[in-house]
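Open the model in your viewer and get ready to click along. Each stop tells you what to select and what to look for.

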Amino acid sequence: MYKEQIKICVHEADVAIREKRLVDAEKLLKEVVQYALKMYDADKENNDLQLGAAFHRLGKFYSMLIRCDRMPVKPIVLDEKGKNIFKACEGLFNDAIKCTLANGRKGKAVYVDFHSLCMHDLLILYFAVGRYEEAIKHGTNGIQLEKAIYEKFDDEV
């Protein structure tokens, strides 16, 4: 039941974003997180990726709002509201990793790939505001995770 609601909300949020109805999009993406939390509470092991994806999706939305979803030529200077949104993005990407960490440590490729994606998004987030050392750290971690996936698949072939 919740999975269907999540699909509907995600679709409606995508439409709202395209139509520049950002307040509606935010409400819908927050609904997705709430449904995913309910699924996670019911079965943490099998619904952790759903919750991680919900956190990630909301983090990507917020990073787009403050233009920290791409690598600019010059660092972006955020106002106070932008700084608060930046912290929210940072927290959401980290929450996405944390809630999927248990299965990720088991070496399941989908989780390792998801963690790499989150690291990449953190790299872009930090780079956009000129926090280059943190960007490099997260980029390096993301590359190591991707490398681990390829090495595992190479070993199995």
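Start by selecting Ala88: this residue is partly exposed, because its relative accessible area of 29% falls between the 20% and 50% cut-offs. Keep in mind that what you're looking at is a predicted model. Ala88 sits in helix α4. Now add Gln144 to your selection, which lies 56 residues from Ala88 along the chain, and draw a line between the two C-alpha atoms: they are separated by 25 Å.

**Stop two: helix α4**

Select residues 80–99 to light up helix α4. Does its length make sense? How far should the 20 residues of α4 span at 1.5 Å a residue? The expected span is 28 Å, and the end C-alpha atoms are 29 Å apart, so the two agree. Next, colour the buried residues of α4: Gly82, Ile85, Phe86, Cys89, Glu90, Leu92, Phe93, Ala96, Ile97 and Cys99. While you look at the pattern, here's a handy rule: an α-helix has 3.6 residues a turn, so residues three or four places apart point the same way.

**Stop three: over to helix α3**

Keep α4 on screen and add residues 44–65, which form helix α3. The axes of these two helices come within 8 Å and cross at roughly 160°. Are α3 and α4 roughly parallel or roughly antiparallel to each other? They are roughly antiparallel, because angles over 145 degrees count that way. The crossing of α3 and α4 is left-handed. To see where they touch, show side chains on both: the contact includes Leu51, Phe55, Leu58 and Tyr62 from α3, and Ile85, Ala88, Leu92 and Phe93 from α4. Yes, that's your starting residue, Ala88, in the contact. Sorted by class, the residues of this contact are eleven nonpolar, four polar and three charged.

Stay on α3 for a moment and try the ruler again. Its 22 residues should span 32 Å at 1.5 Å a residue, and its end C-alpha atoms are 30 Å apart, which agrees. Among the buried residues of α3 are Asn47, Leu51, Phe55, Leu58 and Phe61. Which helices do the buried residues of α3 pack against? Show α1 (2–18), α2 (22–42), α4, α5 (101–104) and α6 (109–128) and you have them. Just past this helix, click Arg67, which follows α3 and has a positive phi, near 60°.

**Stop four: helix α2**

Now show α2 together with α3. They pack at an angle of about 160°, with their axes 8 Å apart, and are therefore roughly antiparallel to each other. α2 passes α3 in a left-handed crossing. Their contact has 18 nonpolar, two polar and six charged residues.

**Stop five: α4 meets α6**

Hide α2 and α3, then show α4 with α6. Here the angle is about 165° and the axes are 9 Å apart, which makes α4 roughly antiparallel to α6. This crossing of α4 and α6 is left-handed. Look for Phe86, Cys89 and Phe93 of α4 and for Phe114, Cys118 and Leu122 of α6, which are among the residues making the contact. The residues there divide into eleven nonpolar, two polar and two charged.

**Last stop: His138**

Finally, select His138, found in helix α7 (residues 132–156). Is His138 buried or exposed? It is buried, because its relative accessible area of 8% is under the 20% cut-off. Leaving out residues up to four places away in sequence, His138 touches Met119, Leu122, Leu123 and Tyr126.

Definitions and conventions:
Residues are numbered from 1 along each chain as its sequence is written. This is a predicted model: local features need pLDDT of at least 70, side-chain atom pairs count only at pLDDT 80 or more; totals for chains, interfaces and linings use all residues. Side-chain values use heavy atoms; hydrogens and water are left out. Axes are lines fitted to C-alpha atoms, for helices over the stretch in contact, and angles run from 0 to 180 degrees between N-to-C directions. Helices (H or I, at least four residues) and strands (E, at least two) are DSSP runs, numbered from the N terminus. Angles under 35 degrees count as roughly parallel, over 145 as roughly antiparallel, 65 to 115 as roughly perpendicular and the rest as oblique. A crossing is left-handed if the near helix is turned anticlockwise from the far one by less than a right angle, and right-handed if clockwise. Contact means heavy atoms within 4.5 Å. Ala, Val, Leu, Ile, Met, Phe, Trp, Tyr, Cys and Pro count as nonpolar, Asp, Glu, Lys and Arg as charged, and the others, Gly among them, as polar. The expected span of a helix is 1.5 Å times one less than its number of residues. Buried means under 20% relative accessible area, exposed over 50%, partly exposed in between (1.4 Å probe, protein chains only).
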